[in-house]
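Here are my notes on this one, written as numbered points. Keep the sequence and the 3D view open while you read.

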Amino acid sequence: MAELTLFNRTELTMRLVAKLTHEEAVVGGIGNTNFDLFAAGHRPQNFYMLGSMGLAVPIALGVAIAQPERGVIALEGDGSILMSLGCLATIGTVRPRNLTIVIMDNGLYQITGKQVTATGTNTDIVAVARGVGLANSHWVRDHNHFDEMIARRFDEGGPVLLAAKIDDKPGAGQTPRDPALIRNRFMKGLGTGRGGALDG
Amino acid sequence: MNWSDTFLDVLKKNDVRLISYVPDNVLTPLIKGVTADNYFISVNATREDEAMGIVAGAWMGGMKGAVMMQTSGFAVAPNALASLLVPFQIPAILVISERGTLGEFNIGQVAVAKIMRPILDTLSVEHHTLTDEAKLGFIVDSSIKQAVTTQSPVAFILSPLLTGGNPVAHAKLSA
Ligand SMILES: Cc1ncc(C[n+]2csc(CCOP(=O)(O)OP(=O)(O)O)c2C)c(N)n1
């Protein structure tokens, strides 16, 4: 592996959100990834997953299938994607052009007490993704590289997987644990909700 | 019509386009029907909870979907039900081919068949066991509409009385 910048999740998530100009949907995984997404500023197109560890990428795949014209981004931790490696193979089959997966790889289950994951020892998640046919999978080298990959049109060269080595810091915010509110707001943001029916 | 054509017909009438599945022998006619028909988008998932995640995302994106699985596949997925579909109020349609009863040879399937309905009941997920092609249309159509209106998942359990069961199991039992 070439020299990689060691990123901070909070900072990288803010950088990502600042680049979004087309109402892209963003699905944050369990714990820190959705805490940092929440902390990066409230967007109606954000979905904060609670509980169902490993399902952020499948949820994003579903959104990408239903709305092929919208860019969809999944933010997931290394421990979480390790729980669901199979979904990468599914994405290798479906090949949604509008899906981008960002893996925040601290080599740890940070939120449960910093236990080491298999990416911290023996697993290269980009190699795994390439192995299931996601040829457009990359380690993020530096900030410019990240900006370039995120600034591309989401229907070009997708699906894309970006993995960033990050430090061991916790997430910056705390999502409200209100699934109905989260889902309603997200659907309103995607133009699919009943939201609006009760607005003035 | 046979049961699988009737079932797919009702899905279509209710705009259920996305079908994500982990295969099973008994589901074969449904999966064949789905993959042969351009109306449907079929996604062969690697796990049942993954399939539930895909269908949840699609629902929020404006597309209705169903997950097809075997009885033992259902047992992989209670966490996705309890922490995603139920609390986020996602009307996912779960289609479960029933193994473990009426002529089962595999003791593992029998145990899972016993926990399936209690799990659905505990989570207050509406479920119907389909035994008869003549009643299938009404049950599935009205329950999908109810699921969407009440924003809750619904499960259809395909009994061997409907499907004829698993041919492999029958062969083993009579060998
Ligand atoms: C199915 C399931 N297993 C275990 C847990 C407990 N758990 C919650 S978060 C987490 C660690 C997530 O690790 P990672 O995705 O790497 O994110 P990080 O905490 O490092 O940011 C674990 C094990 C859970 N919530 N659900």
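1. One definition to start: a residue is called buried under 20% relative accessible area, exposed over 50%, and partly exposed in between, with a 1.4 Å probe and protein chains only as cover. By that rule A:K114 is partly exposed, because its relative accessible area is 41%.

2. Some ground rules. This is a predicted model, where local features need pLDDT of at least 70 and side-chain atom pairs count only at pLDDT 80 or more, while totals for chains, interfaces and linings use all residues. Residues are numbered from 1 along each chain as its sequence is written, chains are lettered from A and ligands numbered from 1 in the order in which they are written, and side-chain values use heavy atoms, with hydrogens and water left out.

3. Back to A:K114, which sits in the loop between β5 and β6 (115–116) of chain A. Helices (H or I, at least four residues) and strands (E, at least two) are DSSP runs, numbered from the N terminus. Most residues other than glycine have a negative phi. A:K114 has a positive phi of about 60 degrees, although it is not a glycine.

4. Chain B has such a residue too: B:Q89, not a glycine, has a positive phi of about 55 degrees. Look for B:Q89 in the loop between α5 (78–85) and β4 of chain B. B:Q89 is partly exposed, with a relative accessible area of 30%.

5. Now the ligand. Where does the ligand lie? You'll find it between chains A and B. There are 17 residues around it, counting a residue as near if one of its heavy atoms lies within 4 Å. Those that come nearest are A:N32, A:G79, A:S80, A:L108 and A:Q110.

6. What is that shell made of? By class, it has six nonpolar, nine polar and two charged residues. Here Ala, Val, Leu, Ile, Met, Phe, Trp, Tyr, Cys and Pro count as nonpolar, Asp, Glu, Lys and Arg as charged, and the others, Gly among them, as polar. The largest share, four residues, comes from α4(A).

7. Check the polar contacts (pairs of N or O atoms within 3.5 Å; within protein, one must be able to donate a hydrogen and the other to accept it, and residues adjacent in sequence count only if both atoms are side-chain atoms). A polar side-chain atom of A:S80 is 2.6 Å from a ligand oxygen, and a polar backbone atom of A:L108 is 2.8 Å from one. The protein buries 75% of the 590 Å² that the ligand exposes when taken alone, using Shrake-Rupley areas with a 1.4 Å probe.

8. A:L108 turns up again: its backbone nitrogen lies 3.0 Å from a polar side-chain atom of A:N106. A:N106 is in the loop between β4 (99–105) and β5 of chain A, and A:N106 is buried, with a relative accessible area of 16%.

9. Finally, try strand β6 (residues 154–158) of chain B, where five of five residues are buried. In a regular strand the side chains alternate between the two faces of the sheet. On β6(B), B:V154, B:F156 and B:L158 point one way, and B:A155 and B:I157 the other way. Strand β4 (residues 93–97) of chain B runs parallel to β6(B), joined by five bridges; strands pair if DSSP finds at least two bridges between them.
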